[in-house]
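This report describes selected strands and a helix of one structure. Please consult the sequence and the model shown here while reading.

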Amino acid sequence: MKKLYTAIAICSAISFYSCNNKTEEKVEAPQEATTTTEEATDLVEGVITKSSVEWTAYKTTAKTPVSGHFDVVLVKDANQEGKTFQEVLEGANIVAEVATINSDLVERDQKLKDILFGNMAETKEIKGNLSFKDGKTFLKLTLNNVSKEYEVKSSFENNVFTIEADVDLMDFNTAKALDALNKACFELHKGADGVSKTWSEVHIKGQVEFTQNFGK
């Protein structure tokens with residue numbers, strides 16, 4: 001078993017909500033020492049060539065979607081010698097770095113880091129563990145010091161492994177964090193009915209592209 005460190009698109013993307021207005025007041029981040037982020041790698045020694053992860057969260061009672069991704073998601077302890085995608089990813093530990101959350105709006109990203117994740121414990125990283133059993137795919141996510149295993153939809157076509165799932169943040173005791181985010185974005189999360197709502201549901205989609213020679 002060899003450790004692999006690569007940008008990988010597996011659901012571990014759980015960054016989620018929107019104060020979607022470029023003119024909103026910016027939340028100042030706490031003054032901390034500068035930290036470095038591990039570089040993502042595009043190629044895993046002839047096994048993985050490309051990876052991506054996307055997430056969609058929701059606001060307003062009409063369930064308006066807000067999308068984004070993590071810039072850096074690492075996979076560790078994967079089996080580089082595996083002959084199938086299951087063998088490569090079985091038991092792999094997926095690590096998404098919260099500092100790299102990207103919704104294409106800096107002010108919103110800062111609020112997510114400071115207010116949503118800032119009201120959780122141990123949120124420098126979001127961790128997930130992949131496993132396969134009886135033709136099914138499972139992802140065990142750890143967030144806010146709580147772990148939850150989900151059966152997720154997956155496919156492998158044209159050497160691309162795809163995974164999709166709906167994750168409920170309330171499974172991770174995040175009521176305090178979600179309430180704080182909704183208060184900070186109260187006006188911006190209002191819909192046509194005047195009701196402000198921040199959904200706990202997040203849809204995640206990840207893809208990992210293997211080399212054309214993989215498994216041959």
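## Terms and basis

Contact, the basis for describing packing, means heavy atoms within 4.5 Å. The model is predicted.

## Two hairpins

Strand S6, residues 125-133, pairs with strand S7, residues 136-143, in the antiparallel sense, and seven bridges join the two. Within this pairing, Lys133 lies opposite Lys136 of S7. S6 and S7 make a hairpin in which two residues separate the strands. One residue of that turn, Asp134, has a positive phi of about 55°.

S7 also pairs with strand S8, residues 146-157, again through seven bridges and in the antiparallel sense. Here Leu141 is placed opposite Lys148 of S8. A hairpin is likewise formed by S7 and S8, with two residues between the strands. In its turn, Asn144 shows a positive phi of about 60°.

## The two sides of helix H3

Helix H3 spans residues 175-184, and its buried residues are Ala177, Leu178, Leu181 and Asn182. Viewed down the axis of H3, these buried residues fall within an arc of 130°, and therefore they line one face of the helix. The face turned away from this buried side carries Lys176 and Lys183, which are exposed.

What do the buried residues of H3 pack against? Their partner is helix H2, residues 106-116.

Conventions: Residues are numbered from 1 along each chain as its sequence is written. This is a predicted model: local features need pLDDT of at least 70, side-chain atom pairs count only at pLDDT 80 or more; totals for chains, interfaces and linings use all residues. Side-chain values use heavy atoms; hydrogens and water are left out. Two strands pair if DSSP finds at least two bridges between them. Helices (H or I, at least four residues) and strands (E, at least two) are DSSP runs, numbered from the N terminus. Buried means under 20% relative accessible area, exposed over 50%, partly exposed in between (1.4 Å probe, protein chains only). The arc is that of the directions from the helix axis to the C-beta atoms.
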